[in-house]
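Open the model in your viewer and keep the selection box ready. Each stop below says what to pick and what is there.

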Amino acid sequence: MSSGTVRDDTAVPILMYHAVSAEPNDATRTLSVAPEAFEEQMAVIADLGLTPIGTAELAHRWRRGRPLPARPVLVTFDDGYEGVHRHALPVLAKHGFPATVFVSTGWLRGPYDTGGALDTMLDFDQVRELAAAGLEIGGHSHTHPQLDQLPDEALRRELILCKEIVSDQLGTVPASFAYPYGYSDRRVRRAVRETGYAQALAVGNGLARRRQGPYALRRVTVRRTTGAEEFRRLVEGRAITRTFTRDLALTKGYAMVRRARQIRRKAVRTRV
């Protein structure tokens, strides 16, 4: 193995961004990042000599057993907020960094808009410009529901409609998917695989590893409150569990609630 590669059991930080906005609204404020903060964070990645790669590339290398580049990191954005084009794209282009944008097609401005978006979203011209600049465009469902709470038919409709719209608008089939709210279960992961996505990202607030499998790769959340030192720890993979202790506790609690809901729904369907 050459000195420029790492073993495929390497833990990889996958950064999860949402909005990049100077003036976010109340609905997106917590998970938004100020443009100047985003620029500083990308400079940290460059200064540390990390190697940003795309979601499809990471999964492909792990699937084929190919080595990763030295010190890999992924930059991802969920939902499809307009600030990704306005603020993030110029910074990414400046550094030559790839990134992945996971779009909820029913939230984007244009002919498929369902009216559920939380803030100003990308339109399809902007999505095409992102793709032309080398960013990977992935799926994030159509209307951003809690997928594990949907019946089978509605679940597949969300996955397929998103995939078809992205394919029609960009001329390429999205290979990667990110679960809305970060939630999935075995049924959802199976549906994502069967509808043609090659890999999918969760949240989990942990580092991604090959052994997680291509449909449950973990990410770490970048928030408006993420300071410079905390960001440096995230991309260096240090003190991840300590940083997200509260999030992990909440996630376990939500998981119990969601399992209880699923059991109740199955019981109701059985009685009917």
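**Stop 1: R224**

Select R224. It sits in the loop between β12 (217-221) and α7 (228-236). Helices (H or I, at least four residues) and strands (E, at least two) are DSSP runs, numbered from the N terminus. This is a predicted model: local features need pLDDT of at least 70, side-chain atom pairs count only at pLDDT 80 or more, and totals for chains, interfaces and linings use all residues. Residues are numbered from 1 along each chain as its sequence is written, and side-chain values use heavy atoms, with hydrogens and water left out.

Is R224 buried or partly exposed? R224 is partly exposed, at a relative accessible area of 28%. Here buried means under 20% relative accessible area, exposed over 50%, and partly exposed in between (1.4 Å probe, protein chains only).

Now add T28. The C-alpha atoms of R224 and T28 are separated by 9.8 Å, although their positions lie 196 residues apart along the chain. Then show what R224 touches. Leaving aside its neighbours within four places in sequence, R224 is in contact with S21, A22, P24, R29, T30, S32, V33 and A34. Contact means heavy atoms within 4.5 Å.

**Stop 2: the whole chain**

Zoom out. The chain has nine helices and twelve strands. Buried residues make up 50% of its 272 residues. Take the contacts between residues at least 6 apart in sequence: 65% of them join residues at least 24 apart.

**Stop 3: the largest nonpolar core**

A nonpolar core is a set of buried Ala, Val, Leu, Ile, Met, Phe, Trp, Tyr and Cys residues joined through side-chain atoms within 4.5 Å. Which members of the largest core touch the most others? Of its 43 residues, they are L15, Y17, F38, M42, I45 and F77. Helix α3 (residues 83-95) gives the largest share of this core, five residues.

Centre on M42. Apart from neighbours within four places in sequence, M42 is in contact with Y17, V75, V91, L92, H95, F97 and F231. A second, separate core has 15 residues, including A154, Y179, V192 and A200.

**Stop 4: aromatic pairs**

Show the rings. A search of the whole structure finds six aromatic pairs. Rings of Phe, Tyr and Trp (its six-membered ring) pair if their centres lie within 6.5 Å; planes under 30 degrees apart count as stacked, over 60 as edge-to-face and the rest as tilted.

Pick F38 and F77. Their ring centres are 5.8 Å apart and their planes stand at 50°, so the pair is tilted. F38 lies in helix α1 (residues 35-47) and F77 in strand β7 (residues 72-79), so the pair ties together parts that are 39 residues apart in sequence. F38 is buried, at 0% relative accessibility. F77 is buried too, at 0%.

Next, pick F177 and Y179. This pair is edge-to-face, 5.8 Å centre to centre with 70° between the planes. Then return to F38 and F77 and add Y17: ring pairs link Y17, F38 and F77 into a cluster.

**Stop 5: helix α3**

Colour α3. Its buried residues are G83, V84, H85, A88, L89, V91 and L92. They pack against β3 (19-20), α1, β7, β8 (100-103) and α4 (124-132).

Look along the axis at L89. There α3 bends by about 40°, and a proline, P90, follows within four residues. The bend at a residue is the angle between axes fitted to the seven residues ending there and the seven starting there. Just after α3, G96 takes a positive phi of about 70°.

**Stop 6: helix α2 and R61**

Select R61, in helix α2 (residues 55-64). R61 is buried, with a relative accessible area of 17%. Beyond its neighbours within four places in sequence, R61 is in contact with R66, P67, L68 and P69.

Now view α2 end-on. Its buried residues are T55, L58, A59, R61 and W62. They fall within an arc of 160° seen down the helix axis, so they line one face of the helix. The arc is that of the directions from the helix axis to the C-beta atoms. G65 follows α2, with a positive phi near 70°.

**Stop 7: V166**

End at V166, in helix α5 (residues 152-170). V166 is buried, at 3% relative accessible area. Not counting residues up to four places away in sequence, V166 touches V103, T105, I137, G171, T172 and P174.
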